[in-house]
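Dear colleague,

Please find below the structure that I am handing over to you. My notes on it come directly after.

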Amino acid sequence: MTIHTEHPFDTPDEDRDPVRRLRGRIGGTVSLWTAGAGIERVGLTVSSYLVATGDPGRVVGLLHPDSDVLDALEETGTAVVTLLGARDERLADVFAGVMPAPGGAFRLIEWEQTEWGPRPRHATTWMGVRLDPGSRRDVGWSVLVEATIEHAEVGVEDAPLVHRRGRYQRATE
């Protein structure tokens, strides 16, 4: 028996989509987009987003077209966007759908319901956003949405959760 250092089911580099590989090398901090209330709460881990300063500030995100959070955002018009810290890997994986959560994703931690949606109680940096009407656009395999930042809280800086090339990495200063 031979033990290999590479994953036995990985697609060879030459067969992978070069645009997806390039995007993976850009990397980014991980956010959690949540919307709804009560049993209608939904969420999605998102690393493809951009915050634009201005009056008011704006956020642009690329969301999965079949995600429940996209449906809820369009239905309610609001969401919470939370910046996740290095300690939130499990939370990010559960909301990305790559790790199970017996009893549901919202049972992992404590939540506070805001006027924009549920917010992780431990999160110190987050924003309440309102979807810009008519902003939804198909872009590649994602849906681009634009939202106005109605509320922003910036707390004590935590080591950010960074996702690059398919895995979490430690951020460097």
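The notes below cover the basis of the model, its nonpolar cores, its aromatic pairs and one peptide bond.

This is a predicted model, in which local features need pLDDT of at least 70, side-chain atom pairs count only at pLDDT 80 or more, and totals for chains, interfaces and linings use all residues. Residues are numbered from 1 along each chain as its sequence is written, and side-chain values use heavy atoms, with hydrogens and water left out.

The largest nonpolar core (buried Ala, Val, Leu, Ile, Met, Phe, Trp, Tyr and Cys residues joined through side-chain atoms within 4.5 Å; buried means under 20% relative accessible area, 1.4 Å probe, protein chains only) has 21 residues. Trp33, Val59, Leu63, Val129 and Val145 touch the most other members. Apart from this core lies another of twelve residues, including Leu32, Ala92, Val94 and Ala105.

Four aromatic pairs were found in the whole structure; rings of Phe, Tyr and Trp (its six-membered ring) pair if their centres lie within 6.5 Å, with planes under 30 degrees apart counted as stacked, over 60 as edge-to-face and the rest as tilted. Phe95 and Trp111 have ring centres 5.9 Å apart and planes at 70 degrees, so this pair is edge-to-face. Phe106 and Trp111 form a tilted pair, at 4.7 Å centre to centre and 55 degrees between the planes. Ring pairs thus join Phe95, Phe106 and Trp111 in a cluster. Relative accessibility is 7% for Phe95, which is buried, and 11% for Trp111, also buried.

Finally, the peptide bond between Asp55 and Pro56 is cis, with omega about 10 degrees. Most peptide bonds are trans.

Yours sincerely

Definitions and conventions
Buried < 20%, exposed > 50% of the residue type's maximum accessible area, 1.4 Å probe, protein only.
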